[in-house]
Amino acid sequence: MNNSQTQTSQSLTPHASNSCGLRAAPEALLDSEQGRVDRAPLDGLAGKSILNPRQFDRRTIVALSQLAARLETRNVEMDKPLDGKIAITAFFEPSTRTRLSFESAVQRLDGKVLSVPDGQVTGIAKGESLADIGEMFNTYGDVVIMRHPVTESIDEIRRNLQRPLINAGNGSGHHPTQALIDWYALLKWRPELRLPNCPESARIHLGIIGTPGSMRAVKSFLRLSLMFLGAVKKITLISELADPVGLDLTEPIEQSPIPIDITNDAQDVLPHLDVIYVNSIAFLGDSYRNLDSRYKLDGSSQLKSDAVIMHPLARNEELSVELDDTPHNLYFAQAAGAVFLRQALLAAVLDRLNRISDI
Ligand code: CP
């Protein structure tokens with residue numbers, strides 16, 4: 001049995017965990033807080049739409065992660081927290097993880113789901129507008145979770161939609177719940193990162209391979225990472241572009257006290273990184289472009305022995321399966337935590353925190 005398999009089998013949670021790689025244990029996050037969840041910022045999410053990572057702050061991210069850790073370590077289905085609630089998942093663009101983990105989150109908490117896995121099965125195929133679809137959703141469900149290839153789709157559906165909208169990815173815009181999941185995985189992996197006075201030995205040099213300006217998951221992750229002052233000691237953007245940042249993040253980056261540099265030489269910087277976040281898919285209008293092969297990670301990559309790799313997935317050639325069964329693999333644990341973080345977010349948005357016992 002190798003190192004990663006040992007970690008997986010030591011402490012089983014109520015639900016299945018990742019099959020290989022690191023297991024990011026939720027207990028570590030709870031132990032460090034005596035099991036208490038910081039309720040106040042979560043109560044503030046009731047009835048709110050979740051559209052952009054700038055809505056969050058460090059306290060709310062940590063509180064959501066604590067609640068997710070509670071949900072990951074305990075069976076709460078008997079509480080039926082989402083009983084009587086209907087979530088509409090409206091996906092106008094393909095998804096494996098986001099739609100299904102949202103739907104799993106709702107159903108495991110006893111809510112119900114109306115699923116639109118492909119926009120072409122709606123009136124869109126007949127020329128209907130998103131604004132009109134939003135009007136219909138007011139009656140059909142209590143929360144709408146939408147993915148759409150067009151960045152402005154959020155504004156269009158919200159013209160008539162009065163229910164909370166959760167942005168599950170809008171073109172080259174944002175993917176805020178993915179960024180929350182990413183930080184949930186990081187906080188489980190290294191709980192000290194939640195502390196404003198994070199010990200020096202726990203602080204991370206974060207490398208991000210990709211183009212935040214056109215990669216929504218990378219952009220949202222970087223936006224949340226800028227909130228972790230004192231925990232993130234440096235950020236290196238690794239991109240083929242001289243200016244990969246894009247308009248959305250120019251100001252937050254300029255104002256951040258975290259040192260940020262940009263390089264196009266992945267091999268030079270990789271041995272210095274504690275966390276490597278990689279993504280492959282850039283959105284260019286209505287098409288995709290994959291990352292240049294120079295930025296590929298595989299078994300020969302020169303990594304620190306305790307460095308972890310994160311990836312929102314789906315992956316292509318930039319992340320070799322050679323790394324799956326190694327202690328560098330945090331990406332499967334990252335994906336496995338999605339259900340619990342999304343449960344925590346839905347319970348807060350749908351004002352059902354009081355239905356979860358002992359938080
Ligand atoms: N991480 C993510 O958004 O994956 P999907 O495209 O499969 O939803």
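Which strands does helix α5 (residues 97-108) lie across? In this predicted model, helix α5 lies across β1 (86-91), β2, β3 and β4. Its direction is at about 160° to that of β2.

Let me turn to the sheet itself. The four strands form an open sheet in the order β2-β1-β3-β4, and the pairing is parallel. Why is one side of β2 and of β4 left without a neighbour in the sheet? Strands β2 (112-116) and β4 (165-170) stand at the edges and have a single partner strand each, so one side of each has no neighbour there. From one strand to the next, the twist averages 10°. As general background, strands of a sheet pair through backbone hydrogen bonds, in either a parallel or an antiparallel manner.

Consider next the pairing at the β4 edge. Strand β3 (residues 143-148) runs parallel to β4, and four bridges join the two. Within that pairing, M146 has N167 of β4 as its bridge partner.

Strand β4 also contributes to a pocket. The second largest pocket has a volume of about 240 Å³, and 16 residues line it. Nearest its centre lie L51, N52, R54, N170 and H174. Two elements, α7 (153-157) and β4, each give two or more residues to the lining of this pocket.

Finally, I come to the cysteines. How many disulfides does the structure hold? The structure holds zero disulfides. C20 is buried, because its relative accessible area of 15% falls under the 20% cut-off. C198 also counts as buried, at 9% relative accessibility.

Key: Residues numbered from 1 in each chain as written. Predicted model: local features only at pLDDT ≥ 70, side-chain atom pairs only at ≥ 80, totals over all residues. Heavy atoms only, no water. Pairing = 2+ DSSP bridges. Axes fitted to C-alpha atoms, helices over the stretch in contact; angles between N-to-C directions. Contact = heavy atoms within 4.5 Å. Disulfide = S-S within 2.5 Å. Buried < 20%, exposed > 50% of the residue type's maximum accessible area, 1.4 Å probe, protein only. 1 Å grid on protein atoms, 1.4 Å probe; cavity = no way out; pocket = protein on both sides within 12 Å on 5 of 7 lines; lining within 4 Å. Points joined across faces, edges and corners; volume = space filled by probe spheres on them.
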